[in-house]
Amino acid sequence: MFGVGPSALNVERLAQWADGWTPLGASLEVVATTLTRIKKRMAEIGRDPATFRLRLNPDPVIKDGKIDVDATLAGIPALGKIGCTDVDLYVPAYCRGPEEFESLMDKYLRYHN
């Protein structure tokens, strides 16, 4: 996994050497169009684009000054629609302690299959 921005040079690097991409500083629209470019380039150089992975984090939805877990997790299907294969969730941002972990995972798994 390369954690890089969506520049033309990085598209080439990703297509040539990476197994996946963790985009930095890009909107979902930019990520979607860049992923298409990466996979096209992979096919051109003889790499199987179906093996390429995309790792994203859902954008947190803030309500009353804190993260709305349910609204944030509801954004996961949109990530899949643009080609996301791996959804990362920074657990400490969503749980105040270990007692909330199981509930968070139950909610998360409803959206991430």
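The second largest pocket holds about 210 Å³ of space. Of the 13 residues that line this pocket, P23, A26, L56, N57 and D59 sit closest to its centre. A pocket here is an open set of points on a 1 Å grid over the protein atoms alone, where a 1.4 Å probe fits, with protein on both sides within 12 Å along at least five of seven lines; lining residues have an atom within 4 Å of a point. The volume is the space filled by probe spheres set on the points, and grid points are joined across faces, edges and corners.

Before going on: this is a predicted model, where local features need pLDDT of at least 70 and side-chain atom pairs count only at pLDDT 80 or more, while totals for chains, interfaces and linings use all residues. Residues are numbered from 1 along each chain as its sequence is written, and side-chain values use heavy atoms, with hydrogens and water left out.

Back to the pockets. α2 (28–44) and β2 each give at least two residues to the lining of the second largest pocket. The largest pocket has about 360 Å³ of space. Its lining has 14 residues, and I67, V69, Y94, R96 and E100 are the closest to its centre. Two elements, β4 (66–67) and α5 (101–111), give two or more residues to that lining, and α5 has the largest share, with 3 residues.

Here is how the two linings divide (nonpolar means Ala, Val, Leu, Ile, Met, Phe, Trp, Tyr, Cys and Pro; charged means Asp, Glu, Lys and Arg; the others, Gly among them, are polar).

| Pocket | Nonpolar | Polar | Charged |
|---|---|---|---|
| Largest | 6 residues | 1 residue | 7 residues |
| Second largest | 7 residues | 4 residues | 2 residues |

Now the fold. The chain has 5 helices and 5 strands, where helices (H or I, at least four residues) and strands (E, at least two) are DSSP runs numbered from the N terminus. Starting at the N terminus, the order is α-β-α-β-β-β-α-α-β-α. The C-alpha trace spans about 50 × 25 × 20 Å along its principal axes.

An open sheet is made of 3 strands in the order β1-β2-β5, with parallel pairing. β1 (20–21) and β5 (86–87) are at the edges with a single partner strand each, so one side of each has no neighbour in the sheet. Strands pair if DSSP finds at least two bridges between them; β2 (residues 53–56) and β5 have 2 bridges. L56 has V87 in β5 as its bridge partner.

Finally, α1 (residues 8–17) packs against α2 at an angle of about 50°, with the axes 8 Å apart.

Methods: Axes fitted to C-alpha atoms, helices over the stretch in contact; angles between N-to-C directions.
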